[in-house]
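Me: Before I rely on any label in a structure description, I like to ask what stands behind it. Could you take me through this one in that way?

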Amino acid sequence: MRTSRYSAKMRNLCDAARRQKQDRYVCPRCGKKNVKRVGNALWQCRSCEARIAGGAYSLSTGVGETANRVIRETMQQ
Ligand SMILES: [Zn+2]
């Protein structure tokens with residue numbers, strides 16, 4: 001049953017990627033759930049206009065890693 005379990009997992013990953021593309025995410029800068037995907041791997045917060053380079057289909061490619069990078073970049077501006 002290894003094959004069917006594998007394909008089911010792949011199907012779930014594809015569904016998740018599709019859903020995550022349309023989801024809103026919590027902004028690491030202002031904390032509001034208002035981050036939308038505006039381009040390939042580019043996300044923008046509708047509240048504070050912060051732009052975030054994240055994953056292509058999801059903002060969290062490694063939750064802490066991405067958030068920390070964004071916070072660091074935001075602080076430097
Ligand atoms: Zn924000």
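What follows is a set of questions about the labels used for this chain, each answered from its definition.

Me: What kind of model is this, and how are its residues numbered?

Reply: This is a predicted model, in which local features need pLDDT of at least 70 and side-chain atom pairs count only at pLDDT 80 or more, while totals for chains, interfaces and linings use all residues. Residues are numbered from 1 along each chain as its sequence is written.

Me: How many helices and strands does the chain have, and what makes a stretch count as one?

Reply: Helices (H or I, at least four residues) and strands (E, at least two) are DSSP runs, numbered from the N terminus. By that rule the chain has two helices and four strands, and from the N terminus on they run α-β-β-β-β-α.

Me: How do you know which strands pair?

Reply: Two strands pair if DSSP finds at least two bridges between them. β1 and β2 have two bridges, β2 (residues 33-39) and β3 (residues 42-45) have four, and β3 and β4 have three, so each of these counts as a pair under the rule of at least two bridges. The pairing is antiparallel, and the result is an open sheet with the order β1-β2-β3-β4.

Me: Why are β1 and β4 said to stand at the edges?

Reply: β1 (25-26) and β4 (51-53) each have a single partner strand, so one side of each is left without a neighbour in the sheet.

Me: Which residues stand opposite each other in β2 and β3, and what links these two strands?

Reply: V35 has C45 as its bridge partner, R37 stands opposite W43, and G39 is partnered by L42. The two strands form a hairpin with two residues between them, and A41 in the turn has a positive phi of about 60°. W43 also has a bridge partner in β4, namely I52, and in the hairpin of β3 and β4, with five residues between the strands, E49 takes a positive phi near 70°.

Me: Why is V26 called partly exposed?

Reply: A residue is buried if 20 or more other C-beta atoms lie within 10 Å of its own, exposed if 12 or fewer, and partly exposed in between, with C-beta atoms placed from the backbone. V26, which lies in strand β1, has 15 C-beta neighbours inside 10 Å and therefore counts as partly exposed.

Me: Which residues of β3 are buried, and where do they point?

Reply: W43 and C45 point to one face and are buried, whereas L42 and Q44 point to the other and are not. In the chain of 77 residues, buried ones make up 16%.

Me: What is V26 in contact with, beyond its neighbours within four places in sequence?

Reply: Two residues are in contact if their C-beta atoms, placed from the backbone, lie within 7 Å. With those sequence neighbours left aside, V26 is in contact with G31, K33 and V35, and K33 in β2 is also the residue that V26 stands opposite. G31 belongs to the hairpin of β1 and β2, where it takes a positive phi near 85°.
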